[in-house]
Amino acid sequence: MEKKWNLKLPAVANAAFVGCLSLLLVTSAAASSCSTATLQGAYGYHAEGSLSPAPNLTLTFRSVGMTHFDGGGHLTWVEHTVIGGVSLAPGFTPASGTYTVNSNCTGTAVINTPNSPVPLHLSFVIESEGKLVHSVLSTDAVSTEFTRVDY
């Protein structure tokens, strides 16, 4: 006696769809998990925006540089910064700092640079598996984009 299966194609398709969707969600969740090790290596950056150093005074801000993230929460960089159309120093100025990364690929950094009288506090998001980082300065309207450099 031959056993007959009474499965309808839509039920099989729905089961396959649910299985694939579950796999996709698990894979996506794993792929978006970040840590301090996500940021490692050399990143070129450019920043621009405006600073308000005193009431009723707004100055344009532009900066370019190279940052090295060590994968363990420390960074160093060199920057060339122009504020209000004036270079703060000839060439590039070294700076250093620390960073933290959350599992949801957000993070913060604190940078100590001789070009600022106070530490710079950045909030950032990591994209493209650590290849791209977007940040904003917590106290002024300055945004920065870091792009990993593959030599």
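In the next few minutes I will go through two features of this structure, a disulfide and a buried glutamate, and please keep in mind that the model is predicted.

Let me begin with the cysteines. The count comes to 1 disulfide, and the partners are C34 and C105, whose sulfur atoms lie 1.9 Å apart. The torsion about their S-S bond is about 85°, so this disulfide is right-handed. As for where the two residues sit, C34 belongs to the loop between α1 (9-31) and β1 (40-54), while C105 belongs to the loop between β5 (93-101) and β6 (106-112), so the pair ties together parts that are 71 residues apart in sequence. Are these two cysteines buried or exposed? C34 is buried, with a relative accessible area of 12%, and C105 is buried as well, with a value of 8%.

Now I turn to the glutamate, E79, which you can find in strand β3, covering residues 74-83. E79 is buried and yet has no salt bridge, because the nearest side chain of opposite charge, that of R62, is 14 Å away, whereas a salt bridge would need the nitrogen and the carboxyl oxygen to be within 4 Å. What, then, does the side chain of E79 make polar contacts with? One polar contact goes to the side chain of W77, at 2.8 Å, and another goes to the side chain of N115, at 2.7 Å. If we leave aside residues up to four places away in sequence, the residues that E79 touches include Y45, S63, V64 and G65, and also F92, T93, T113 and, once again, N115.

Methods
Residues numbered from 1 in each chain as written. Predicted model: local features only at pLDDT ≥ 70, side-chain atom pairs only at ≥ 80, totals over all residues. Heavy atoms only, no water. Disulfide = S-S within 2.5 Å. Helix = DSSP H or I, 4+ residues; strand = E, 2+ residues; numbered from the N terminus. Buried < 20%, exposed > 50% of the residue type's maximum accessible area, 1.4 Å probe, protein only. Lys, Arg positive; Asp, Glu negative; His and termini not counted. Polar contact = N/O pair within 3.5 Å; in protein donor to acceptor, adjacent residues only side chain to side chain. Contact = heavy atoms within 4.5 Å.
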